[in-house]
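Welcome! Please open your viewer, get the selection tool ready, and follow along one stop at a time.

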Amino acid sequence: IEALGLWKAPPSTASDMTCWIVFTTYFLVTAVVLRLALRRVDDGFHKAQTALAERLRVEDALRARETRLQQALRASNIGIFDHDHLTDTIYWSPEQRNNYGWGPEETVTLAAFLAQVYEEDRERIGLAVQHAHDPAGNGLFDVEHRITRRDGSIRWLSTRSQTFFEEKALNRTIGAVVDITERKQAEIERE
């Protein structure tokens, strides 16, 4: 109070004393309220800072996991696909595009995929796709089939996927594809 210039001399009258007591009480209560408010702000800031640090840690862990997964997929030559049936968009990983001989910017469609299925396998694969997309079934697609790549070469692929449904409607199909041509050629040669 002295630093603020509010105290010059002790109050000399009862009315001055009452004013001084009211002012001092108001000043002390205000100081306590401000201190409590600042403590709450500080606690809130600390909690927000802790939450942000945790979120950054989780994001870093997810990035590291994604990097490991991408490296494993690249090294193993496993193609990944993700078909969002609601928007009818299909994602193919670079490995999947390589399996089919597609460029990085080409739009993938179910019809274009089926067109590359080897003619003798097309009906069987079409039925397997219909079965996987039937909400009454389990949504599984687990097949080996041939494709004709754009360069004319014939490749054997093993495809495993799961279709997910929401209220009996197609939602999403996610799967993995491995080129098994060498294994199939070895089997044919043994026969």
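What follows is a short tour of a predicted model, going from the whole chain to single residues.

**Stop 1: the whole chain**

Start with everything selected and a cartoon display. The protein chain has five helices and five strands. If you trace it along the sequence, the elements come in the pattern α-β-β-α-α-α-β-β-β-α. The chain has 191 residues, and 25% of them count as buried. Now switch on the surface for a moment. About 13,600 Å² is exposed, and carbon and sulfur atoms supply 58% of that area. What about contacts across the sequence? Taking the contacts with a separation of 6 or more, 41% are between residues 24 or more positions apart.

**Stop 2: two hairpins**

Hide the surface and select β3 (140–148) together with β4 (154–166). β3 and β4 pair in the antiparallel sense, over nine bridges. They form a hairpin with five residues between the strands, and in the turn you can pick out Gly152, which has a positive phi of about 95°.

Next, add β5 (169–179) to the selection. β4 and β5 also run antiparallel, joined by 10 bridges.

Zoom in on Ser158 in β4, the bridge partner of Glu144. On the β5 side, Ser158 stands opposite Val178. Another pair to click on is Ile147 with its bridge partner in β4, Arg155. While you look at these strands, keep one rule in mind: in a regular strand the side chains alternate between the two faces of the sheet.

**Stop 3: two residues with positive phi**

Stay with the hairpin of β4 and β5, which has two residues between the strands, and select Glu167. Its phi is near 55°, a positive value in a residue other than glycine. Is Glu167 buried or exposed? Glu167 counts as exposed because its relative accessibility is 80%, and the cut-off for exposed is over 50%.

Now go to Asp88, in the loop between β1 (78–84) and β2 (89–92). Asp88 is not a glycine either, yet it has a positive phi of about 55°. With a relative accessibility of 56%, Asp88 counts as exposed.

**Stop 4: the nonpolar core**

Time to go inside. Select Trp92, Tyr100, Phe113, Ile125 and Phe141: these have the most contacts inside the largest nonpolar core, which has 17 residues. β2, α4 (119–132) and β3 each supply at least two residues of this core. Which element gives the largest share? That is α4, with four residues.

Keep Trp92 selected and show what surrounds it. Setting aside neighbours within four places in sequence, Trp92 is in contact with Ile80, Phe81, Arg97, Tyr100, Trp102, Val108 and Phe113.

**Stop 5: a buried histidine**

Select His145, which has its place in strand β3. His145 counts as buried because its relative accessibility is 0%, and buried means under 20%. Which residues does His145 touch, not counting those up to four places away in sequence? They are Tyr100, Phe113, Val117, Asp121, Arg124, Ile125, Arg155, Trp156, Leu157 and Thr159. You may recognise some names from the previous stop: Tyr100, Phe113 and Ile125 are among the core residues with the most contacts.

**Stop 6: the cavity**

For the last stop, look for an empty space. How many cavities of 30 Å³ or more does a search of the whole structure find? The search finds one, and about 230 Å³ of space lies in the largest cavity. To find the place, select Phe81, Leu110, Phe113, Val129 and Thr173, the closest to its centre of the 19 residues that line it.

Then colour the elements around the space. Those that give two or more residues to the lining are β1, β2, α2 (94–100), α3 (110–116), α4, β4 and β5. β4 gives the most, with three residues.

Before you close the viewer, click once more on Phe113. This residue is in contact with Trp92, is touched by His145, and is one of those closest to the centre of the largest cavity.

How values were computed:
Residues are numbered from 1 along each chain as its sequence is written. This is a predicted model: local features need pLDDT of at least 70, side-chain atom pairs count only at pLDDT 80 or more; totals for chains, interfaces and linings use all residues. Side-chain values use heavy atoms; hydrogens and water are left out. Buried means under 20% relative accessible area, exposed over 50%, partly exposed in between (1.4 Å probe, protein chains only). A nonpolar core is a set of buried Ala, Val, Leu, Ile, Met, Phe, Trp, Tyr and Cys residues joined through side-chain atoms within 4.5 Å. Contact means heavy atoms within 4.5 Å. Two strands pair if DSSP finds at least two bridges between them. Accessible areas come from the Shrake-Rupley method with a 1.4 Å probe; for residues, only the protein chains shown count as cover. On a 1 Å grid over the protein atoms alone, a cavity is a set of points where a 1.4 Å probe fits but cannot get out, and a pocket is an open set with protein on both sides within 12 Å along at least five of seven lines; lining residues have an atom within 4 Å of a point. Grid points are joined across faces, edges and corners, and a volume is the space filled by probe spheres set on the points.
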